[in-house]
Amino acid sequence: MRRWHHDDPVRDGEPIASQPEIDAGTANDSMSPAQPAASLPSSASVPPLPPLAPTRSAARARLAAVRPAAYARTRNALNGAVTGLSPYLTHGLLTLPEVLAEVTSRQPLDVQHKLVYELGWRAFFRHVWQHRGDGIFQSLHEGPLPDSAYARALPEDIRQGRTGVPVIDRAVATLYATGTLHNHARMWLASYVVHLRKVHWRAGADWLYAHLLDGDLASNHLSWQWVAGTGSSKPYLFNAGNVARFAPPDWHSSGTVVDTDYAALDDWARTASAIATPARGLDRVPVRSPESAGEDEGHAGSEPILLDRPSACDERMRPDAAAVAGRDVWLIHPWSLGDPPSDLPADVLLIGVHEREFHQRWPWSERRWQFVDTRMAELTSVRWWGEAETLQRALVEARSVQGWADPHLSPGMRSVGAWRPAPELFPAVDRRCDSFSQWWKRAVRGVGDAAELLRPPEDPPC
Ligand SMILES: Cc1cc2nc3c(=O)[nH]c(=O)nc-3n(C[C@H](O)[C@H](O)[C@H](O)COP(=O)(O)OP(=O)(O)OC[C@H]3O[C@@H](n4cnc5c(N)ncnc54)[C@H](O)[C@@H]3O)c2cc1C
């Protein structure tokens with residue numbers, strides 16, 4: 001059976017999410033490339049990120065603040081110099097080529113630089129999605145235990161961030177309060193959910209996706225699989241010592257279930273029973289529907305509501321065929337919120353579209369809807385929400401329909417117009433690669449300076 005990361009023991013350790021400075025002597029030791037241990041940067045040494053607003057100027061401000069050297073040194077720490085670009089990349093306000101172009105315009109970067117490498121993970125997950133399709137929503141192979149050993153629902157104490165394990169409860173509180181979460185915190189959370197609480201990675205992945213501003217089906221679900229060991233050769237484990245190294249004091253979790261050694265954690269991961277959790281008398285939080293939106297808003301610590309449409313969705317968002325008849329249309333969807341291309345006809349009609357079926361399957365927090373819809377409203381006053389078939393029907397009379405392609409769009413929508421391929425940073429790797437290392441070798445073969453990735457591909461010789 002093919003397993004990710006199986007082919008290259010050095011890269012094996014290069015976790016998706018990069019915890020290269022994992023504690024020495026741990027069960028995951030072989031995953032660690034030789035790198036100096038990072039220490040927690042002092043809060044004064046890392047300036048706060050520019051605000052996360054749904055505008056191009058805010059995205060550009062974050063991009064201008066990227067410091068590659070500090071990033072490589074400190075990115076595993078919760079207060080490290082991470083870029084905070086993922087909501088912009090997920091929603092197309094920035095593209096990977098644009099990020100690299102901006103950063104390398106200030107200083108040259110080797111293609112193996114940590115920052116380029118991490119951008120590669122995003123592209124690699126897209127590669128896996130392209131080749132496996134909906135297969136990424138099932139375990140790619142068996143993990144430390146069969147799928148049937150894991151519960152299918154996320155327990156209420158995790159959902160409410162009241163497990164009593166500070167690193168988990170802080171992570172959930174941060175997620176709900178901001179819609180963002182540091183990579184290391186995502187890994188800790190996922191590892192706890194899957195390996196200690198024995199909850200199936202899919203339940204955790206669906207829940208996390210819904211609350212993240214940067215939720216991306218490939219990066220999220222495949223990262224959960226990597227942590228679970230269903231997309232990697234071993235489970236990702238962490239302990240209280242690891243948290244103490246990379247997180248501020250209120251996250252530290254000594255004296256809790258994670259305060260143990262890696263051999264014990266590895267045993268747990270391979271044992272079917274979940275850790276005992278204290279009875280907490282939690283009220284069950286119902287899964288929210290748009291109709292119940294607002295009922296328990298403001299309840300401290302409660303899970304934010306999830307919606308299948310923008311909260312301001314009304315009659316004005318009904319697809320309207322008459323408005324587009326005979327017009328050239330450029331479609332804007334939640335994953336293409338950058339500026340439209342400059343070569344469109346002057347009288348092009350910009351239409352924002354939200355596919356109902358997608359969001360019924362993958363609802364979002366209100367915060368994310370606001371982020372997306374605010375930007376969409378800045379781009380166009382015509383925004384539609386409806387079933388893919390209704391959207392398609394409404395577009396039939398348009399003179400032309402174009403937009404940026406994206407795998408989140410349903411096949412029905414993809415057949416509607418002439419979708420332009422979205423700008424890619426790495427060359428397409430046609431052969432399916434199951435490990436990042438396989439893919440990376442092919443994607444950057446012959447490249448030294450990262451800026452070479454920005455050059456248009458040469459025409460093949462006649
Ligand atoms: C359980 C779990 C779930 C995740 N879910 C998502 C998700 O839904 N959407 C998402 O974009 N990322 C996801 N990631 C990857 C990673 O956590 C985020 O991309 C990163 O934390 C975003 O913060 P940043 O922009 O400051 O990242 P930086 O560290 O500054 O990295 C720069 C960019 O590189 C890319 N990148 C960095 N690390 C990764 C990675 N490990 N995998 C894929 N891309 C990466 C992102 O586009 C990121 O914006 C997940 C990771 C885990 C462990």
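Which residues of α10 are buried? In this predicted model, the buried residues of α10 are W201, R202, G204, A205, D206, W207, L208, Y209, A210 and H211. Because 10 of the 11 residues of α10 are buried, this helix is largely enclosed by the rest of the structure. The elements that cover the buried residues of α10 include the helices α8, α9 and α11, together with β1 (306-307) and β4 (364-365).

The protein chain that surrounds α10 contains 19 helices and 7 strands. Of its 462 residues, 45% are buried. Among contacts with a sequence separation of 6 or more, 71% are made by residues 24 or more positions apart.

Helix α8, one of the elements that cover α10, comprises 13 residues, numbered 166-178. From its first C-alpha to its last, α8 reaches 18 Å, close to the 18 Å expected at 1.5 Å a residue. The buried residues of α8 are P166, V167, I168, D169, R170, A171, V172 and L175. Their cover includes α7 (156-159), α9 (183-196), α10 (201-211) and α12 (240-246). Directly after α8 comes G179, which has a positive phi near 75°.

The loop between α7 and α8 holds T163. This residue is classed as buried because 26 other C-beta atoms lie within 10 Å, the cut-off for a buried residue being 20 or more. When neighbours within four places in sequence are left aside, the contacts of T163 are D157, I158, I168, D169 and T277. Two of these partners, I168 and D169, are also among the buried residues of α8. The partner T277 is separated from T163 by 114 residues in sequence, yet the two C-alpha atoms are 7.6 Å apart in space.

A ligand is surrounded by 31 residues, of which T83, S86, N183, N220 and S223 come nearest. Two or more residues of this shell are given by each of α4 (86-90), α6 (114-132), α9, α10 and α11 (217-228). Helix α10 therefore takes part in the shell while being largely enclosed by the rest of the structure. By class, the shell consists of 15 nonpolar, 10 polar and 6 charged residues.

The strands include an open sheet of 5 members, arranged in the order β5-β3-β2-β6-β7 with parallel pairing. Its edges are formed by β5 (383-386) and β7 (418-420), each of which pairs on one side only. From one strand to the next, the twist averages 30°.

The pairings can be followed across the sheet from β5. Strands β5 and β3 are joined in the parallel sense by 4 bridges, and H354 has W385 in β5 as its bridge partner. Strand β3 is mostly covered, with 5 of its 7 residues buried. On to β2, the parallel pairing with β3 again comprises 4 bridges, and L331 is partnered by I351 in β3. Strands β2 and β6 likewise run parallel over 4 bridges, with V401 in β6 as the bridge partner of V329. The last pairing, between β6 (residues 400-404) and β7, is parallel and has 3 bridges. Here Q402 stands opposite A418 in β7, and G403 stands opposite W419 in that strand.

One helix packed against this sheet is α16 (residues 366-379), which lies across β2 (328-332), β3 (349-355) and β5. The direction of α16 is at about 160° to that of β3.

Terms used
Residues are numbered from 1 along each chain as its sequence is written. This is a predicted model: local features need pLDDT of at least 70, side-chain atom pairs count only at pLDDT 80 or more; totals for chains, interfaces and linings use all residues. Two strands pair if DSSP finds at least two bridges between them. Axes are lines fitted to C-alpha atoms, for helices over the stretch in contact, and angles run from 0 to 180 degrees between N-to-C directions. Two residues are in contact if their C-beta atoms, placed from the backbone, lie within 7 Å. The expected span of a helix is 1.5 Å times one less than its number of residues. A residue is buried if 20 or more other C-beta atoms lie within 10 Å of its own, exposed if 12 or fewer, and partly exposed in between; C-beta atoms are placed from the backbone. A residue is near a molecule or strand if its C-beta atom, placed from the backbone, lies within 6 Å of it. Ala, Val, Leu, Ile, Met, Phe, Trp, Tyr, Cys and Pro count as nonpolar, Asp, Glu, Lys and Arg as charged, and the others, Gly among them, as polar.
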